[in-house]
Amino acid sequence: MRNTEQFSAWNGAEGAAWAAERETEDRLQAELCGRLLEAARVGSRDRVLDIGCGTGDTSRMAARRAPEGQVVGIDLSAPMLQQARRAAAGLDNVLFEQADAQVHAFPAAGFDVAISKYGAMFFADPVAAFANIGRALRPAGRLAFVCPQPPEDCEWYVVPVAALLGIEPRPQAVVAGYPGPAPAMFVLSDPTHIDRVLAASGFTDVSIEPLHVPHRFGSTPADAADAFLASGPTRYVVEQDDGLTWEAAHARLTASLEPYAGSGGVLLPGAQWLVSAQWTGER
Ligand SMILES: C[S@@+](CC[C@H](N)C(=O)[O-])C[C@H]1O[C@@H](n2cnc3c(N)ncnc32)[C@H](O)[C@@H]1O
């Protein structure tokens, strides 16, 4: 295990909040999974590795697309994997393992394709991690993952963070006002950097396509405020501000999220990269 900070976060509050979000079926996440599996060209006999599978929605969908194949979901988080195993109980071609993708000894060339939905941005050494994932693929094996576009292009980030900072939701001002380094989830948000990392890790034929799938944060603005306060950059902003009580933060968030509430819940526009690449077989 190399990514010890991430290990603590995803086995603690961050993992619990994410797992709670994933308890409800989300058609937007299913749409994102569908786009990911299309880009990965998952076939009926493929051996699929799902990196940072969390509660396993992508693993289950991949297992249905590869009924004669096999899916292995790996993640750092024991509680999320427990939820993944429960949800996949009826599927006999999927299994889950607790492992760090950066250093885990995968079977060499043991997979045809590797996928990840929001699980490939948290590596302390991204080149080492992607090279390790590559070595798990057969030559010309495929990689596809989804990650967020830059913070200033993510309304789901700009709006709540601006509310907590007490400023207008102007993207550059919000990014500048964030009380710390950019959150880890944005590590791969620059396409030039993605290209560089994948080339250095032994991947080729890199394609980076923009997606705009919205995020659902809860049924009502108050639910969504709970979700924002439970995890991620928003919880961090509150933790950094001694003068901001949880109640005041909740009230500010709720007000900022009102315009996004509708019959389908609280939906904020999303901005993702859908990245695909091919393993050269060398690294
Ligand atoms: C944002 S969550 C996404 C979970 C899931 N793919 C989804 O879309 O619901 C990120 C996941 O990546 C996992 N993760 C982070 N670093 C990892 C690593 N080095 N190896 C394996 N999993 C990792 C975390 O434990 C967490 O479950």
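Which residues are the closest to the ligand, and how many surround it? I started there, keeping in mind that this is a predicted model.

**Entry 1: the ligand shell**

I counted 19 residues around the ligand. Trp18, Gly52, Asp75, Asp100 and Lys117 are the closest. Sorted by class, the shell has 10 nonpolar residues, five polar ones and four charged ones.

**Entry 2: polar contacts**

Next I looked up the N and O pairs. Gly52 puts a polar backbone atom 2.8 Å from a nitrogen atom of the ligand. Leu76 also offers a polar backbone atom, at 3.4 Å from a ligand nitrogen. With Lys117 the side chain is involved: one of its polar atoms is 2.7 Å from an oxygen atom of the ligand. I then checked the cover: the ligand on its own exposes 600 Å², and the protein buries 99% of that area.

**Entry 3: the cavity**

How many cavities of 30 Å³ or more are there? I got one. Its volume is about 350 Å³, and 25 residues line it. Closest to the centre of this cavity are Gly52, Asp75, Tyr118, Gly119 and Phe122. Two of those names, Gly52 and Asp75, were already in my notes as being among the residues closest to the ligand.

Which elements give two or more residues to the cavity lining? I noted helix 1, strand 1 (47-51), helix 4 (57-65) and strand 2 (70-75). By class, I have 12 nonpolar, seven polar and six charged residues in the lining.

What takes up the space of the largest cavity? The ligand does, and that goes with the 99% burial I wrote down in the previous entry.

**Entry 4: the largest pocket**

I turned to the open space last. The largest pocket holds about 1400 Å³. It is lined by 50 residues, and Glu14, Met185, Ser231, Gly232 and Pro233 come closest to its centre.

Six elements went into my list, each with at least two lining residues: helix 1 (4-10), helix 2 (13-21), helix 7 (155-165), strand 7 (215-216), helix 10 (221-230) and helix 11 (232-240). Which of them gives the largest share? Helix 11 does, with six residues. Helix 1 is on this list, and I had it down for the cavity lining too.

For the classes, I wrote down 28 nonpolar, 11 polar and 11 charged residues in the pocket lining.

Note on methods
Residues are numbered from 1 along each chain as its sequence is written. This is a predicted model: local features need pLDDT of at least 70, side-chain atom pairs count only at pLDDT 80 or more; totals for chains, interfaces and linings use all residues. Side-chain values use heavy atoms; hydrogens and water are left out. A residue is near a molecule or strand if one of its heavy atoms lies within 4 Å of it. A polar contact is a pair of N or O atoms within 3.5 Å; within protein, one must be able to donate a hydrogen and the other to accept it, and residues adjacent in sequence count only if both atoms are side-chain atoms. Accessible areas come from the Shrake-Rupley method with a 1.4 Å probe; for residues, only the protein chains shown count as cover. On a 1 Å grid over the protein atoms alone, a cavity is a set of points where a 1.4 Å probe fits but cannot get out, and a pocket is an open set with protein on both sides within 12 Å along at least five of seven lines; lining residues have an atom within 4 Å of a point. A molecule sits in a cavity or pocket if more than half of its atoms lie within 2 Å of its grid points. Ala, Val, Leu, Ile, Met, Phe, Trp, Tyr, Cys and Pro count as nonpolar, Asp, Glu, Lys and Arg as charged, and the others, Gly among them, as polar. Grid points are joined across faces, edges and corners, and a volume is the space filled by probe spheres set on the points. Helices (H or I, at least four residues) and strands (E, at least two) are DSSP runs, numbered from the N terminus.
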